[in-house]
Amino acid sequence: MLRAAVMTAESDDYRNRYTVAYDREEIQFPVWILMIFGGVFFYASVAKGSVTYLLMSAVFASLAYYSYPLLETGRVRLAADRDGLFIEGLGHFAWRAIGAIDAVELVVRGNVYTEAEISLLEPLAIALGRDAPKVPLRRRLMRKPFYLTSRSKVRVPLDIFDRTPEDIIGSLRRIWLFNRGRAANDR
């Protein structure tokens, strides 16, 4: 039997699923710094009446708004259960729609980053079907825990999550191999 880590989020009930959230350690610090700089430049723009400082505060506020999901560390970003794979902001894929789950290592400026590449057997719109989430406009402009490389490949950066990339890839592959032959509603 598969062992899966269990985590209960505040607003979502993800018991008996493998779930991953953003890490709680150092990823919050830059977001707070952006907020502080935005507030300092806004205060300076009001005190001096400077449009330049106001524009700088708008830039810092925009970057803080984009990065705000990094502060929501308890929220589930990636989940896997017997019905399929869930990626926040993208939706739920049935295991039968997934062709492969691979680890991809990228080297950027001397740092090695690990990403999960999820290859779909059909285009994204068909793989999601009617399960595509309705994301509010305010969340569409924020950071997402995935990006699309083609119509049938999704990449998820793993280094910012609360588990190691090896643990995430290994768990997703085990759950995928175990459940890919089942229909989503089999119990």
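**Figure 1. Helix α5 lies across three strands of the predicted model.** In this predicted model, helix α5, formed by residues 165-179, lies across β1, β2 and β3. With respect to β2, helix α5 runs at about 35°. Strand β2 itself covers residues 76-81, while strand β1 covers residues 18-21.

**Figure 2. Four strands, β1 to β4, make up an open sheet.** The strands of this sheet follow the order β1-β2-β3-β4, and their pairing is antiparallel. At the edges of the sheet are β1 (18-21) and β4 (91-94), each of which pairs on one side only. On average, and with direction ignored, neighbouring strands of this sheet are turned by 10° against each other.

**Figure 3. Strands β2 and β3 pair within the open sheet.** Four bridges connect strand β2, residues 76-81, with strand β3, residues 84-87, and the two strands pair in the antiparallel sense. A reader who wishes to follow this pairing at the level of residues may look at Ala-79, which stands opposite Phe-86 in β3.

**Figure 4. Strand β8 is joined to strand β6.** Strand β6, which comprises residues 111-120, and strand β8, which comprises residues 153-157, run antiparallel and are joined by five bridges. In this view, Ser-119 has Lys-153 in β8 as its bridge partner.

**Figure 5. Strands β7 and β8 form a hairpin.** Between β7 and β8 there are two residues, and the two strands together form a hairpin. Strand β7, residues 147-150, runs antiparallel to β8 and is joined to β8 by three bridges. Here Ser-150 stands opposite Lys-153 in β8, and Lys-153 is also the residue in β8 that serves as bridge partner of Ser-119.

**Figure 6. The close-up views belong to a protein of five helices and eight strands.** To place the preceding views in the whole, it helps to know that the protein has five helices and eight strands, which follow one another along the sequence in the pattern β-α-α-β-β-β-β-β-α-α-β-β-α. Of the 187 residues in the protein, 39% are buried. Among the contacts with a separation of 6 or more, 65% are between residues 24 or more positions apart. The accessible surface of the protein comes to about 11,300 Å², and carbon and sulfur atoms account for 57% of this surface.

Terms used. Residues numbered from 1 in each chain as written. Predicted model: local features only at pLDDT ≥ 70, side-chain atom pairs only at ≥ 80, totals over all residues. Heavy atoms only, no water. Buried < 20%, exposed > 50% of the residue type's maximum accessible area, 1.4 Å probe, protein only. Contact = heavy atoms within 4.5 Å. Areas by Shrake-Rupley, 256 points an atom, 1.4 Å probe, with all protein chains shown as cover. Pairing = 2+ DSSP bridges. Axes fitted to C-alpha atoms, helices over the stretch in contact; angles between N-to-C directions.
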